[in-house]
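Student: Got a minute to walk through this model with me? I'd like the overall picture, then the odd spots.

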Amino acid sequence: MKAGYLHASIAALALLHSTANAFEECMATLADPNGYTLAGSFLGGDDNEVTTTVKPGERFIAAPPYVGLEQGNLWRVYLKSGIHGMIDRSRIRLLPEEPLMKLNFSASKRAWRKLRAKPVTQNDETAWQAKQHRVDYYDTLLRASEGDLRAMARFDSLGEFMDGAAAESYGPEWWALFHVMGDENFARYLKSRSAKVREGYRVGFSVVGSDATDPISHQKPYIKRSFPKTYRILFGR
């Protein structure tokens, strides 16, 4: 493994859709006192549509449309339940002074279990690349998500071999794994790694605007709040 390669590769990913805008992601609530019926899907899960009611006063993360995409005035919203979708900006009240809540990627684990049971084909470029290096991609993801440090190191090492479309999927998949693995387990992982690897993560987490960590553009304050043990190991207090 090239020390620190994983997050260095994530940091180097070209943005698929730049999130640079006059606005950035922030907490929000509905401007509409009657609630809102949102059609979306689970973050990190399959793309099957689910419908939920956003209640008046409910907090969620709101992010502006991707630059260059025809989304009109639709903002991306991320609920505590893990469901994400789009709501017109006119129906949202932004709360930029409130700290961002933690994203919910719990659906990722369900998706990985389903994908583990299927044969790997070249259509799944990340899993296919891993298979060429004798790594069961989804089994490794699942074991790492449960705190298996060897599995996490194995997943980490795959960054060296991911490029093109595989890299575009691998970065966001890592971001989902980071959340599902959790602060306690990831902090244990960092402690087990070399100083050079930790430096790679320190640099990677300092990058602003990485597509791999969408919708979070400023990683450090987000990690400080939602992953405090990880933050202390990398950045101190």
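**Overview**

Tutor: The protein chain has 10 helices and 7 strands. Helices here are DSSP runs of H or I with at least four residues, strands are runs of E with at least two, and both are numbered from the N terminus.

Student: What are the ground rules for the model and its numbering?

Tutor: This is a predicted model, in which local features need pLDDT of at least 70 and side-chain atom pairs count only at pLDDT 80 or more, while totals for chains, interfaces and linings use all residues. Residues are numbered from 1 along each chain as its sequence is written, and side-chain values use heavy atoms, with hydrogens and water left out.

Student: What pLDDT does the protein chain average?

Tutor: The mean is 89, and 89% of the residues score at least 70. pLDDT is the predictor's confidence in each residue, from 0 to 100.

Student: Where is confidence lowest, and where is it highest?

Tutor: Lowest in helix α1 (residues 5-12), with a mean of 47. Highest in strand β1 (residues 26-30), at 98. The pLDDT is below 50 over residues 1-5, a stretch with 13 contacts in the model beyond near neighbours in sequence. Residues 8-22 are also below 50, with 28 such contacts. Contact means heavy atoms within 4.5 Å.

Student: How much of the chain is buried?

Tutor: Buried residues are 47% of the 237 in the protein chain. The cut-offs are relative accessible area under 20% for buried, over 50% for exposed, and partly exposed in between (1.4 Å probe, protein chains only).

Student: And what area does the protein chain expose?

Tutor: About 11600 Å², with carbon and sulfur atoms supplying 49% of it. Those areas come from the Shrake-Rupley method with a 1.4 Å probe; for residues, only the protein chains shown count as cover.

Student: On to the sheet. In what order do the strands run?

Tutor: The order is β3-β2-β6-β5-β4-β1-β7, in an open sheet of 7 strands with antiparallel pairing. Two strands pair if DSSP finds at least two bridges between them. The edge strands, β3 (50-54) and β7 (92-95), each pair on one side only. From one strand to the next, the twist averages 40 degrees.

Student: How many bridges join β2 to β3?

Tutor: 5 bridges join strand β2 (residues 36-42) to β3. A39 stands opposite T51 in β3. Between β2 and β6 there are 2 bridges, also with antiparallel strands. There, S41 has H84 as its bridge partner in β6.

Student: What about the other neighbour of β6?

Tutor: β5 and β6 are antiparallel and joined by 5 bridges. W75 has I87 as its bridge partner in β6. The two strands form a hairpin with 4 residues between them, and G82 in the turn has a positive phi of about 100 degrees.

Student: Which residues of β6 are on the covered face?

Tutor: I83, G85 and I87. The uncovered face of β6 (residues 83-88) has H84, M86 and D88.

Student: Let's look at V77. Buried or exposed?

Tutor: V77 is buried, at 0% relative accessible area. V77 is in strand β5 (residues 74-78). Leaving out residues up to four places away in sequence, V77 touches several residues, including L38, F60, I83 and I92.

Student: Now the C-terminal helices. At what angle do α9 and α10 cross?

Tutor: Roughly 125 degrees, for helix α9 (residues 219-226) and helix α10 (residues 228-235), whose axes come within 5 Å. That makes α9 oblique to α10. Axes are lines fitted to C-alpha atoms, for helices over the stretch in contact, and angles run from 0 to 180 degrees between N-to-C directions. Under 35 degrees counts as roughly parallel, over 145 as roughly antiparallel, 65 to 115 as roughly perpendicular, and the rest as oblique.

Student: Which residues meet there?

Tutor: K220, I223, K224, R225 and S226 in α9 meet P228, T230, Y231 and F235 in α10.

Student: Last topic, odd backbone. Which residues does the cis peptide bond join?

Tutor: D214 and P215, with omega about 10 degrees. P215 lies in the loop between α8 (195-204) and α9.

Student: What is the phi of R134?

Tutor: Positive, about 60 degrees, although R134 is not a glycine. Most residues other than glycine have a negative phi, and most peptide bonds are trans. R134 is in the loop between α3 (125-132) and α4 (137-145). R134 is exposed, with a relative accessible area of 77%.
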